[in-house]
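This report looks at strand pairing, salt bridges, a helix, a surface patch and some backbone angles, with the sequence and the model to hand.

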Amino acid sequence: MFAQTFVKVAVPCPLYGLFDYRLDDPQLAQFIQPGCRVQVPFGRQSVIGLVMQVTHHSELAANKLKPIQQLLDNEPLLPGYLLDLLQWAADYYHYPLGEIIASALPKLLRQGGTPDDRGENLWQLTDKGRETIPEVLRRAPRQAALLQQLQQLPAGLTPSQLNLQSDNWRPAMKGLLEKQLVSSSQSPCLTGNPHPPIKAPQLHDEQQAAVDSVAKGFGAFHTFLLQGITGSGKTEVY
């Protein structure tokens, strides 16, 4: 038997608190989690909110609650530590949680769009393309020029690089794809920092004492006053 499930949703509106909704589809119960977006009725509108809690209890009777209209994410869009941070921000600044969350999401996601971490198209030579000399494409000079360029750039080419050319390269690239001389893929959008971390400055005794004092307060909220004249090294401590 399906146990009635409720979700507490942060709705982007200037009202405090979460709003309860029913989850009528038992198939969705295995996917819906805190951090997922849902489309819900709110007044006369339909809005995109974020699930903050999934529960089997509500202070209101089930028949008094409206059901969610759609689950937009099969896994949390925001991880737990970000939800905690946004909840802390809402409490600290005395601001509605739904508005805080809306300000943290890109416009596409606020409007119900699908998150996409793909980067630009990337064109690279196939084995056949690496073995083909551009001269065999003398009847298609633009294709030959692109092939030659790609043979000089084994990492591949992106649209932003190709748009620097004055000529229209798209028909030529399509021709190389049809001849199976080139393959198309998506370059990674989220990459690590290629630069090594900056070495921390060497602190003198008073700076180190200030850092040690602040470090003792890690894990909880504290306020500190760092006092010193201009040029005394406060920035390094910060």
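Two strands are taken to pair if DSSP finds at least two bridges between them. The model discussed here is predicted.

**The open sheet**

Strand β3, which covers residues 37–42, and strand β5 pair in the antiparallel sense over two bridges, so this pairing meets the requirement of at least two bridges. V38 has L71 of β5 as its bridge partner. The pairing belongs to an open sheet of five strands, whose order is β2-β1-β4-β3-β5 and whose pairing is antiparallel. The edges of this sheet are formed by β2 (19–23) and β5 (70–71), each of which pairs on one side only. In general, the strands of a sheet pair through backbone hydrogen bonds, and they do so in either a parallel or an antiparallel way.

**Salt bridges**

How many salt bridges does the count come to? The count comes to four salt bridges, among them the pairs in the table below.

| Pair | Closest N to O distance |
|---|---|
| K8 and D20 | 3.0 Å |
| R37 and D73 | 2.8 Å |
| R130 and D127 | 2.3 Å |

In the salt bridge between K8 and D20, the closest N and O atoms are 3.0 Å apart. Because K8 lies in strand β1 (residues 5–10) and D20 in strand β2, the pair ties together parts that are twelve residues apart in sequence. D20 has a relative accessible area of 16%, and since buried means under 20%, D20 counts as buried.

The side chains of R37 and D73 also meet in a salt bridge, at 2.8 Å from N to O. This pair links distant parts of the chain, with R37 in strand β3 and D73 in the loop between β5 and α1, 36 residues apart. Are these two partners buried or exposed? R37, at 1% relative accessibility, counts as buried, and D73, at 6% relative accessibility, counts as buried too.

The salt bridge between R130 and D127, at 2.3 Å from N to O, is set within a helix: because the two residues are three residues apart in helix α4 (residues 127–131), they are separated by about one helical turn. With exposed meaning over 50% relative accessible area, R130 counts as exposed at 51% relative accessibility, and D127 counts as exposed at 52%.

**Helix α5 and its two sides**

Does the length of helix α5 fit, and what span should its twelve residues have? At 1.5 Å a residue, the twelve residues of α5 (residues 141–152) should span 16 Å, and the end C-alpha atoms of the helix are 17 Å apart, which agrees. Within α5, the residues Q143, A144, L146, L147 and L150 are buried. These buried residues cover an arc of only 165° around the axis, and therefore they lie on the same side of α5. P141 and Q152, on the other side of α5, are exposed.

**A nonpolar surface patch**

L85, W88, Y92, Y93, Y95 and F221 form a nonpolar patch on the surface, and together they have about 700 Å² of accessible area. One of these residues, Y92, is found in helix α1 (residues 80–93). The relative accessibility of Y92 is 41%, and Y92 therefore counts as partly exposed, a class that lies between the limits of 20% and 50%.

**Positive phi values and a separated pair**

H94 has a phi near 55°, a positive value in a residue other than glycine. H94 is placed in the loop between α1 and α2 (97–104), and at 59% relative accessibility H94 counts as exposed. Q180 is not a glycine either, although its phi is positive, at about 60°. The place of Q180 is in the loop between α7 (170–178) and β7 (182–188), and Q180 is exposed, with a relative accessible area of 55%.

Finally, T235 is in helix α9 (residues 234–237) and is exposed, with a relative accessible area of 64%. The C-alpha atoms of T235 and L18 are separated by 41 Å, the two residues being 217 residues apart along the chain.

Conventions: Residues are numbered from 1 along each chain as its sequence is written. This is a predicted model: local features need pLDDT of at least 70, side-chain atom pairs count only at pLDDT 80 or more; totals for chains, interfaces and linings use all residues. Side-chain values use heavy atoms; hydrogens and water are left out. Helices (H or I, at least four residues) and strands (E, at least two) are DSSP runs, numbered from the N terminus. The expected span of a helix is 1.5 Å times one less than its number of residues. Buried means under 20% relative accessible area, exposed over 50%, partly exposed in between (1.4 Å probe, protein chains only). The arc is that of the directions from the helix axis to the C-beta atoms. Patches are made of residues with over 30% relative accessible area and no salt bridge: like charges are joined within 9 Å, nonpolar side chains (Val, Leu, Ile, Met, Phe, Trp, Tyr) within 5 Å. Accessible areas come from the Shrake-Rupley method with a 1.4 Å probe; for residues, only the protein chains shown count as cover.
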